[in-house]
Amino acid sequence: MSSTTTTTTTGGSNQSPHILMFPYPAQGHMLAFLDLTHHLALQDFIITIITTPKNHKILGPLLSAHPATIHTLVFPFPSYATLSSGVENIMDIGGPGNIAMMNALSKLKEPIVQWFHSHPNPPVALISDFFLGWTLQLANQINIPRISFSSIAALQFSVLDKCWSVLSLVRETSPSVVDFPDIPGSPSFRVELMPSVFRRCRESNPETDFIKDFLATNISSWGIVINTFEGFEGDYLRYLKNRAGHHRVYGVGPLNLLGTKKRHVLENNRDSADVLAWLDSCPDDSVLYVCFGSQKLLNRQQMVALAAGLERSGVRFLWVVKTGTAEEAAEGYGEVPDGFEEKVGNRGLVVKGWASQLLILNHRAVGGFLNHCGWNSMLEASGAGVTRILGWPMEADQHVNAKLLVELRGVVKRVCEGGEAVPDPDELAKEIAELMKGDAPERMRAKEWGEKALAAVSAGGSSLRDLDELVRELRQLPRPKPAVAHEGVNGNTAAQ
């Protein structure tokens, strides 16, 4: 296997410390990871990001912002039996493809080891996504610390860490509810609402056992970085420090507030022009933004029910609809009901495909958010000051997030639950209307949550302190012995 690298560094003890970073190719994972990378690049680190050809384009704005300090190590995506040729990102296949994706990426271990040993300024540490738990073994092999990066909540990290100790029991007895008495708040979950990756590991097979074994090692990493903050999840951060047995558990969020909004704005500003023009025509705080993330495709019944609820609510709305393949559209997946847009007229705007969520949430006209309880979306809403939030958790980490957001913190109102659930249109319309017109207790608590989020990333805030501490720890790490420079190391192509 060969790699292409834009790294042009040379050896020398006076160089800035070199950090190797390995994001997981899914939008919900990558956005926060790239925000962290941006922040580290501002701290005078040399950074190499591991990626594959189709994912490289996602890094474009980041590379343009840091052309001298951020480089890429591009490997061909490993072939894998259950992944179609050309698939390199979860956006191509949806959540069920995570097991295959995680297994496939582990094939990059030996090429990365070879690259490391041939580098004139080898990295002092590896920061990798928590879905890449096998990289702890990689880091141990090349004798550098591995830091697990979590784009999920600290509660979700805690639950996922403890899942594996109950896996055998769940496999053998099939309980209806799983309890976690050791975690703050003693959360419990119906088995069908446990994290998706756990549920897919319930049946023993080599693919899922590989995932189980390596996700269970995240807590053993040298350090853990989580996109959350002390003022909202301090009890879970302290719990994880006790579990890990050291202080290197850092709450650094919301990462999207660390001066990086420009990266998202630049994604495709021209495609946002019509959306912004429509929002500009709406009164302040009057629009409900509706979006369920980059992976979930609603079925025909869900689309019909949601459309009816929005129509009957009488509320202004902006609905971003994920679209699927032609075959999925023929079966009604992601298809807006015929005549819906004509019925609602200028009171609603339907956007099919992509829209800049940060631009939308930060617009003065947006006052509410109906979403899937994805952690990135919730942090972006809190940072934007959106305080009217309705949740419909469906899969992945969303049910655990809903436990935190709805039951334990009371900042979100749940209106539906489950990936195949269909809301009652009249009830949904009522909830939407009440949300946008009233001052529910959730709204006041969500306002406090947003204020704490902003404080965390302001001068003297907990997240900035944790980031500073992470930077100090990284700068103190010993430098690995550099390789002797030879042809192929400093050029654009390094044979592996």
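Start with a lining: the residues around the largest cavity divide into 9 nonpolar, 3 polar and no charged. Keep in mind on this tour that the model is predicted.

**Stop 1: the largest cavity**

To see that lining for yourself, select F22, P23, Y24, P25, M30, I50, T51, T52, N55, F77, L105 and L108. Show them as sticks and look at the space they enclose. How much space lies in the largest cavity? It holds about 90 Å³. In this model, the count comes to 5 cavities of 30 Å³ or more, and the next stop is another of them.

**Stop 2: the second largest cavity**

Clear your selection and pick F130, F157, L160, D161, W164, L215, N218 and I219, which line the second largest cavity. About 50 Å³ of space lies there. Which helix gives the largest share of this lining? Colour helix 7, residues 154–173, and you have it: 4 of the lining residues come from this helix. Sorted by class, the lining has 6 nonpolar, 1 polar and 1 charged residues.

**Stop 3: helix 7 beside helix 10**

Keep helix 7 coloured and add helix 10, residues 230–244. The axes of these two helices come within 8 Å and cross at roughly 35°. Is the crossing left-handed or right-handed? For helix 7 and helix 10 it is left-handed.

Now show the side chains where the two helices touch:

- From helix 7, select A154, L155, F157, S158, D161 and K162.
- From helix 10, select E233, Y236, L237, Y239, L240 and R243.

Colour this contact by class and you should find 7 nonpolar, 1 polar and 4 charged residues. Two of the helix 7 names may ring a bell: F157 and D161 belong to this contact and also line the second largest cavity.

**Stop 4: helix 10 beside helix 18**

Stay on helix 10 and bring in helix 18, residues 398–408. Here the axes come within 13 Å, and the crossing angle is roughly 120°. That angle makes helix 10 oblique to helix 18. The crossing of this pair is right-handed.

Select F232, E233 and Y236 on helix 10, then L404, L405 and L408 on helix 18, to see the contact. By class, these residues divide into 5 nonpolar, no polar and 1 charged. E233 and Y236 of helix 10 take part here, and they are also in the contact with helix 7.

**Stop 5: helix 13 beside helix 19**

Next, select helix 13, residues 300–313, and helix 19, residues 425–437. They pack at an angle of about 45°, with axes 8 Å apart. Why are they called oblique? Angles under 35 degrees count as roughly parallel and 65 to 115 as roughly perpendicular, and with an angle of about 45° helix 13 and helix 19 are therefore oblique to each other. Their crossing is right-handed.

For the side chains, choose A305, L306, A308, G309, L310, R312 and S313 in helix 13, which meet P425, D426, L428, A429, I432 and A433 in helix 19. This contact has 9 nonpolar, 2 polar and 2 charged residues.

**Stop 6: backbone details in the loops**

Finish by zooming in on the backbone at three places.

- Select G253 and P254. Is the peptide bond between them cis or trans? The bond from G253 to P254 is cis, with omega near -10°. P254 sits in the loop between strand 10 (249–251) and helix 11 (261–265).
- Select D44, in the loop between helix 1 (27–41) and strand 3 (46–51). The phi of D44 is near 70°, a positive value in a residue other than glycine.
- Select C373, in the loop between strand 14 (366–371) and helix 17 (375–384). C373 is not a glycine, yet its phi is positive, at about 65°.

How values were computed:
Residues numbered from 1 in each chain as written. Predicted model: local features only at pLDDT ≥ 70, side-chain atom pairs only at ≥ 80, totals over all residues. Heavy atoms only, no water. Axes fitted to C-alpha atoms, helices over the stretch in contact; angles between N-to-C directions. Parallel < 35°, antiparallel > 145°, perpendicular 65-115°, else oblique. Left-handed = near helix turned anticlockwise from the far one by under 90°. Contact = heavy atoms within 4.5 Å. Nonpolar A, V, L, I, M, F, W, Y, C, P; charged D, E, K, R; others polar. 1 Å grid on protein atoms, 1.4 Å probe; cavity = no way out; pocket = protein on both sides within 12 Å on 5 of 7 lines; lining within 4 Å. Points joined across faces, edges and corners; volume = space filled by probe spheres on them.
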